[in-house]
Amino acid sequence: MKKEYPILFIVFSILSIGNLYSLCRGYYPLLFDNQILLSWQYWANQNLIPYRDIYYQYGILFFYKGHNWFFSYLYYFLAPLLLLYFFNLFNKLSLNKIYSYVLTFSLFLFVNLITGFEIFIRYGSFVVLVLISTELIWNYKHRLFFRKLFIVAVLNGLVFSLMNDTGIYAFVATIGLFIIDDAIKTCLGKTTVKKLITYGVGFLMGIIPYCLYLFLNGSLGIFIHSLLELSELQQLAKTPFLHGFVSVDNLFTISILFISISWVCYLLYKGIKLKLINYIEIALMFVLIILEQKSIWRHIDSQLTFIGFILGSVLTIEAANSNKTFKYIIISIYILITLSILFVFPFTKININQGPYTCVSRFEIQDQDYLSVKNILQKEPGFNGKIFSYPGDTMFYVLFKQKPPYYPTSFEAGSYNAQQKLIRYIKYSNIDYVIYNYENQAIQDGVPNYIRSSYLHTYILTNYVPYKIVNRFLILKKKKEDFFDNKKLLNQIPAFEKYLFNVDLADIPRSEGYYKFNKLNEFKLKQVSVGAKFNKALPSINLFLVVSYKNSEEKLGRRILITANGAIVNVSFDNCSEDSKCIIDISKLPYFYKNRPISEVSMKDVGDIKSIQYVYIPPGSEFW
Amino acid sequence: MIKKNEILIIYIIYLIICFSIISFTFKDIRNSFPPTPIVANQIVGYSQYFDYPLYFDSLFFLVLILLPVIFFSFAKLFKK
């Protein structure tokens, strides 16, 4: 080990002391996301076990940091260790040691001022693992190659135990790099298989302690299930990537990635033999491509800029190494660009550990909106101290010191099974009161809660009735009466009433019609006389409407009015094409969660609607 | 034999043409995707509700990062 490394480690540890301080900072203000983060911290504090007691997808390092001294110090020392690795790497690649110092301290400033240590530790570990493997690949002919490879794989397994997603990415990227490297060298074959087996076995060895921990806590099975579920969440809770494509953060990363790909392609085109620095560039490109795939599903563009910055630093080293006349100019330009990024350009700063809270005070909720709900409920006669928060004010579980459901919010509980799990929680916990945040009408991505968590919403509105309004919360009490009977209370919150009676199904009827219209063949469709009352009111349970269109260029949304018990439900949805039909499940509309007699179906503007038919489909069908 | 500066100029022209094609056909490509299916018992999220094609962005990203690879592959082929 070089003599300056221990000193540098101490220096980096001192410089990142703020990371240790922020371990106990709360996540304020109490926005939806921050509430989840803060309440996870609370449950770790209460010794709840991730995967068994609660859904926690970020790995035990982040769960136990701030509560367990081992994980706290491990978390804290990871940042200086990663920085030390980058110093070592820059040192190997550059011809001048001063460059290494300049580049490493620039990276430190970037992390400290923009990325934040939490993100740096999470994705930085991924980067470092892949780069270590890349250096190994470069030294393939070393006699201890396979032994070293095994050690790196064990390390990868240990990282997986601490930060699950990071470990998976590193595993996939390393395996990918082995294959790419052997493909470039045209030596794909037995050696590749040997490398993959060695890495796989090492990885499995690395995760043994973690598996033991999970097994002893009775959460091994559910952990595997939660891993599979995580991929489902990513795939089906997708947000558009291209809308945020032109953000400064994204453009910065994509531009550097694009320049690097072009540069390496140019080297290959010229037939120049790739050096270690080019291998490092390829590895970083590979890391960025994998993480950009994640960003395509859920935006993490601002979290990836530091990897773009590292790749930019490596390109700078290569430029300075190859052009000795202008090396000082190149480094000066690099410093200027870095300073501009840090202090001039509006890069998104990620600082989630905000707030003046200490380890002792971070769970003392002072927000009056939450406290007043607690005070009112505690005065209720017969209150058993248990509540359910919908759609996701997890702070209430902290306030009532209650063990939360496995999925603390309806956002995570999007799948059918997850919603059923929440319903079981409500049933078996004997919950008499649901605290419904009526201002939070779409917990995420603009998708109304009655769409995202329709089963759960149905259960709540059919088993609980409005009881009291406290600030932005509607307290629901368990009763067998009809939710909509308490008109007096609902009239006090007209926006919420409008939300329940004006249902926007957007593109769901179009998608259902496009893919599932053929499944209607086995059922008997009947014509609706639009605007005329039915001779005999139609029961709403299991009722579907099928809307057909004429040929039209018009692409306007449509509205159907459904009258039942004197109330009118306004259903809007997007246009369907002439070839397909729109299918609407009436029992997914909040007013029709309970069976009601429908007396009339009419339209606000007939436009290009040709006809409306109705059909009864028993539950358990493939329809949404 | 193509010189260093020449290949750079040709590459920039190639990129401009590619980006122009992508930006002009962007909406048509997006609208050509069928609606996002809703699978019973799974999440109904942004893609299903607002009909945003699930794999459109991945395809777009793939095309973008493959542009240099395609160009230099052809350049190498013609060089031979």
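Here is a short chat about this predicted model, going from chain A as a whole down to single residues.

Me: How many helices and strands does chain A have?
Reply: Let's start with the overall size: the C-alpha atoms of chain A fill a box of roughly 90 × 60 × 50 Å along the principal axes. Of its 624 residues, 42% are buried. The secondary structure inside that box comes to 24 helices and 13 strands.

Me: Which helix gives the largest share of the largest nonpolar core?
Reply: In soluble globular proteins, nonpolar side chains tend to be buried together. Here the largest nonpolar core has 168 residues, and A:Val130, A:Leu284, A:Val287, A:Ile307 and A:Ile310 have the most contacts inside it. Take A:Ile307: beyond its sequence neighbours within four places, it touches A:Tyr123, A:Val127, A:Leu284, A:Val287, A:Leu288 and A:Leu291. As for the largest share, 13 residues come from one helix, residues 117-138 of chain A, and that's α7.

Me: At what angle do the axes of α13(A) and α15(A) cross?
Reply: Two packed helices are described by the angle between their axes and the distance between the axes. The residues that meet include A:Phe252 and A:Ile256 from α13(A), and A:Leu304 and A:Leu311 from α15(A). By class, the contact divides into six nonpolar, seven polar and two charged residues. The crossing is left-handed, and the axes come within 8 Å, at an angle of roughly 35 degrees.

Me: How many nonpolar residues are on the side of chain A that touches chain B?
Reply: The contact takes 37 residues from chain A and 29 residues from chain B. On the chain A side, the elements giving two or more residues are α12, α13, α14, α20 and α24. Sort that side by class and you get six polar residues, nine charged ones and, for the class you asked about, 22.

Me: Which strands stand at the edges of the open sheet in chain A?
Reply: Strands of a sheet pair through backbone hydrogen bonds, either parallel or antiparallel. This sheet has five strands in the order β5-β10-β9-β12-β7, with mixed pairing. An edge strand has a single partner, so one side of it is left without a neighbour in the sheet, and that's the case for β5 and β7.

Me: What is the bridge partner of A:Leu561 in β12(A)?
Reply: β9 covers residues 558-564 and β12 covers residues 597-603 of chain A. The two run antiparallel and are joined by five bridges. Look across from A:Leu561 into β12(A), and the partner is A:Ser602.

Me: Which residue in β11(A) stands opposite A:Val547?
Reply: β8 (residues 543-549) pairs with β11(A) in the antiparallel sense, over four bridges. Both faces of β11 are covered, with A:Cys582 and A:Ile584 buried on one side, and A:Ile583 and A:Asp585 buried on the other. Opposite A:Val547 you'll find A:Cys582.

Me: Is A:Phe592 buried or exposed?
Reply: This residue is found in the loop between β11 and β12 of chain A. Leaving aside neighbours within four places in sequence, A:Phe592 is in contact with A:Ser540, A:Ile586 and A:Ser587. The cut-off is 20 or more other C-beta atoms within 10 Å. A:Phe592 has 21 such neighbours, so it counts as buried.

Me: How far apart in space are A:Phe592 and A:Leu543, C-alpha to C-alpha?
Reply: Chain A has plenty of long-range contacts: among those between residues at least 6 apart in sequence, 73% join residues at least 24 apart. A:Phe592 and A:Leu543 are 49 residues apart in sequence, yet their C-alpha distance is 9.8 Å.

Technical notes: Residues numbered from 1 in each chain as written. Chains lettered and ligands numbered in written order. Predicted model: local features only at pLDDT ≥ 70, side-chain atom pairs only at ≥ 80, totals over all residues. Pairing = 2+ DSSP bridges. Buried ≥ 20, exposed ≤ 12 C-beta atoms within 10 Å, placed from the backbone. Contact = placed C-beta atoms within 7 Å. Nonpolar A, V, L, I, M, F, W, Y, C, P; charged D, E, K, R; others polar. Core = buried A, V, L, I, M, F, W, Y, C linked by C-beta atoms within 7 Å. Axes fitted to C-alpha atoms, helices over the stretch in contact; angles between N-to-C directions. Left-handed = near helix turned anticlockwise from the far one by under 90°.
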